[in-house]
Amino acid sequence: MVKVREDYIENAGDENAIEQWLAKITAITNFDDIEKVRRACLTSMDIKAKAVEKDLVWALEHNSFKIGLEMAQILVELELDQNAIIAAILYRAVREGKVSIDVIRQDFGSEIAKLIEGVARMAAISSKHSPLKGSVLGQTQGQIDNVRKMLVTMIDDVRVVLIKLAERTCAIRAVKDASTEKRQRVAREVFDIYAPLAHRLGIGYIKWELEDLSFRYLHTSAYMKIAKLLDERRIDRESFVKRVTSKLELELENAHIHGSVEGRSKHIYSIWRKMRRKHLDFSEIYDIRAFRILVPSDQDCYAVLGVVHSLWRHIPYEFDDYIANPKENGYRSLHTAVIGPEGKVMEVQIRTKEMHEEAELGVCAHWRYKGTDVKSRSSGYEDKISWLRQVLEWQEEVGDASEIADQLSADVGADRIYVFTPNGHVVDLPTGATSVDFAYRVHTEVGHACRGAKVNGRIVPLTYSLRTGEQVQILTSNNPAPSRDWLNPSLGYLQTSRSRAKVIHWFKAQDRSQNIIDGRALLDDELKRLSIGDVSYKELTEQTHFNEPDDMFAAIGAGDSKPTHIAHVAQKLLQPKEQQLSLRLHEPKEGQANTGKKDDIHIKGVGRLLTNIANCCQPVPGDPITGYITVGRGVSIHRQDCMNLLQLEDMEPNRIIEVSWGGTEDTAYSVNIEIQAYDREGLLRDITIVLANEQTNVTGINSYSDQQENVATITIVMEVTNLEILGRVLAKIKQLPNIIDVRRKRNA
């Protein structure tokens with residue numbers, strides 16, 4: 001499961017404990033002034049003692065002293081300097097208002113005070129989770145300014161973000177026994193912001209722990225299942241690792257290569273992500289059995305690769321050379337997969353010790369060389385700081401603090417593709433990137449002017465997903481102007497946040513009056529397509545927190561607001577309150593249970609059966625649940641992370657059924673759509689392909705063709721769970737050739 005590192009400070013509470021902690025810490029680092037560190041520890045301990053005198057309960061729950069030492073311990077392992085470690089020791093006391101920043105500046109110097117102030121400003125990034133108000137994501141100008149200041153501070157001194165990462169690591173470790181709501185709130189922030197930030201800065205040492213812990217609290221059931229499977233195979237895996245390690249060490253010695261070999265633990269979140277991304281079963285994840293080989297030089301890496309491939313058969317398409325083509329965050333290594341002893345598939349990573357240090361410490365391995373090292377080692381630091389500057393540049397263009405979260409997490413963990421310009425230059429993009437993404441990566445103006453693309457000399461749709469090795473030529477117009485359709489995520493023109501930011505910025509720069517006209521037309525078209533009846537724009541403006549309708553239309557026209565989102569609000573306004581929970585599009589299909597009571601159990605596919613709540617885990621409404629068909633007692637309802645249920649799934653998987661709490665948005669509702677199109681061969685086939693790709697269940701189709709007008713009218717009855725899915729399906733059908741109009745049809 002999650003590895004929590006050794007705790008040096010479990011009983012830290014007096015001067016003797018501080019001395020013991022300092023002794024352990026100084027064994028792995030050298031301080032310039034150990035007395036200054038000791039004084040910071042004593043100051044923090046004294047602040048905590050005064051807090052205990054005033055409010056014992058609060059002080060025990062907010063132990064700034066212990067948390068400060070935990071943060072310092074993490075930074076020592078990241079090899080940060082003395083001032084950063086002192087700032088970490090004192091940070092929580094300042095944040096909780098137990099000591100002023102002026103006192104810290106006077107007692108410990110301006111540099112430490114500036115670090116603490118920078119970390120405090122990073123709290124502004126949490127504003128991305130604020131509710132809707134004032135604009136689409138409720139960002140005030142003050143919040144945006146705070147985020148800009150935070151980014152500037154990160155660029156000026158990256159130690160600020162490293163201290164914040166240490167603080168969030170301590171925070172997510174500490175919520176183990178907290179309420180479910182608090183665990184999920186902290187985990188969501190860590191997963192959305194800080195784990196991607198650690199990845200972008202190349203700090204694998206922190207990234208893995210943040211990902212696994214947040215995954216544990218956000219997807220408990222999936223986490224427990226994988227953890228259980230790993231536990232069951234641990235003894236066999238350890239024995240296998242020992243045999244393979246011995247074999248590799250012997251072969252390295254015979255090849256006169258000085259290197260070390262170790263079994264590498266696979267993190268639970270990365271296992272789950274790979275299972276989801278590649279649609280694999282747990283047994284098909286080859287790198288659960290993984291090895292890492294560290295050698296002195298790049299040349300040795302390739303020599304060891306030859307040794308490994310001579311020992312065991314290499315699996316095609318499972319080799320990655322991140323030394324020749326480093327990842328975007330600077331990661332370098334050779335990855336290969338082979339069929340090892342006993343026919344078991346295993347992964348082998350080969351890298352130098354310097355590459356390993358960079359993979360674990362990332363920017364921490366470079367920051368101390370800034371300004372003093374002009375050799376290659378400093379490039380890693382500059383590359384990562386350059387990325388931070390890009391984030392600041394994009395955010396300045398878009399002006400919305402919520403975009404930062406997208407830019408932090410965009411492409412994290414995704415494979416990269418490498419495509420060529422007509423001149424042979426290599427451009428790297430995330431997997432799934434389109435021709436439009438490529439155009440914006442080449443230059444903003446090329447993106448704006450993009451009207452078509454050729455891949456390997458063949459014209460392709462702008463939604464075509466590029467592949468490694470392809471040569472891309474962008475066809476441009478003389479009047480550069482992006483299409484508003486590009487901002488519709490359902491249509492798949494843009495896959496990267498950078499491209500989307502460029503398009504949004506272009507529309508924002510247009511004349512407000514034109515944005516109002518375009519925005520109103522887009523909203524009217526969306527409401528008509530979804531068959532949402534007459535709605536008061538005044539009421540709609542109030543519900544979406546704009547000052548007047550023109551502001552709402554301008555936001556849609558500029559790309560700040562999505563017409564689909566406004567349509568959702570309009571649907572709510574027109575529905576009775578008792579129907580707003582699930583945004584019903586029609587009455588439930590026959591046989592479905594739907595009383596509207598939160599504590600009802602709905603058994604998918606069969607309607608109502610006798611149910612009972614399992615005593616072993618006693619789930620309550622809101623918990624993720626699964627059903628087990630008992631003998632004579634109906635369906636027993638368990639939490640999805642219940643250990644009894646996990647055992648039952650292994651022993652009797654045919655008795656496990658999918659269930660949900662009544663009134664959830666998973667219920668499917670029938671809806672009729674009407675399509676008008678100029679008749680052509682293959683029209684119905686193309687429409688059904690769209691429906692199949694969207695995994696929409698079709699229950700009826702009726703087609704009529706007017707031979708004189710050559711116009712076909714097609715009525716389709718399908719099942720959807722919400723307006724978002726319906727809007728996406730209608731938008732994709734509208735993009736098909738010869739389509740005149742497509743909209744939802746109200747029943748008589």
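## An antiparallel pair to start with

Strand β3 and strand β4 (residues 334-339) run side by side in the antiparallel sense, joined over five bridges. One spot to look for is Phe319, whose bridge partner in β4 is Thr336. This is a predicted model, so keep that in mind as you look around.

## The sheet around that pair

Zoom out a little, and there is an open sheet of five strands with mixed pairing, in the order β1-β2-β5-β4-β3. As background, the strands of a sheet pair through backbone hydrogen bonds, and they can do it either parallel or antiparallel. Which strands stand at the edges here? They are β1 (260-264) and β3 (313-321), and each has a single partner strand, so one side of each is left without a neighbour in the sheet. On average, neighbouring strands of this sheet are turned by 20° against each other, direction ignored.

Two helices lie across parts of the sheet. Helix α15 (residues 298-311) lies across β2 (290-295), β3, β4 and β5 (345-352), and runs at about 10° to β4. Helix α16 (residues 353-361) lies across β2 and β5, and its angle to β5 is about 105°.

## Two nonpolar cores

Now for the inside. The largest nonpolar core has 67 residues, and the members that touch the most others are Leu78, Ile89, Ile104, Ile116, Ile163 and Ile172. Helix α5 (residues 82-95) gives the most to this core, with 10 residues. Apart from it lies another core, of 39 residues, including Met552, Ala712, Ile716 and Leu730.

Ile163 is a good place to click. Leaving out residues up to four places away in sequence, Ile163 touches Met71, Leu75, Ala84, Ala87, Ala88, Leu115 and Val119.

## A covered helix and a partly exposed arginine

Helix α11 (residues 204-218) is mostly covered, with 13 of its 15 residues buried. Does its length come out as expected, or not? At 1.5 Å a residue, the 15 residues of α11 should span 21 Å, and the end C-alpha atoms are 21 Å apart, which agrees.

Arg121 sits in helix α7 (residues 110-121). At 33% relative accessibility, Arg121 counts as partly exposed. Arg121 and Lys164 are 43 residues apart in sequence, while their C-alpha atoms are 10.0 Å apart in space.

## Two loop residues with positive phi

His256 is not a glycine, yet it has a positive phi of about 60°. You can find His256 in the loop between α13 (234-254) and β1. Is His256 buried or exposed? Its relative accessibility is 70%, so His256 counts as exposed.

Asn456 is another non-glycine with a positive phi, this one of about 55°. Asn456 lies in the loop between β8 (450-455) and β9 (458-460).

## How confident is the model?

The protein chain has a mean pLDDT of 75, and 75% of its residues reach 70 or more. Over residues 1-6 the pLDDT is below 50, and this stretch has 17 contacts in the model beyond near neighbours in sequence. Residues 127-150 also stay under 50 in pLDDT, and for them the model has 49 contacts beyond four places in sequence.

Key
Residues are numbered from 1 along each chain as its sequence is written. This is a predicted model: local features need pLDDT of at least 70, side-chain atom pairs count only at pLDDT 80 or more; totals for chains, interfaces and linings use all residues. Side-chain values use heavy atoms; hydrogens and water are left out. pLDDT is the predictor's confidence in each residue, from 0 to 100. Contact means heavy atoms within 4.5 Å. A nonpolar core is a set of buried Ala, Val, Leu, Ile, Met, Phe, Trp, Tyr and Cys residues joined through side-chain atoms within 4.5 Å. Buried means under 20% relative accessible area, exposed over 50%, partly exposed in between (1.4 Å probe, protein chains only). Helices (H or I, at least four residues) and strands (E, at least two) are DSSP runs, numbered from the N terminus. Two strands pair if DSSP finds at least two bridges between them. Axes are lines fitted to C-alpha atoms, for helices over the stretch in contact, and angles run from 0 to 180 degrees between N-to-C directions. The expected span of a helix is 1.5 Å times one less than its number of residues.
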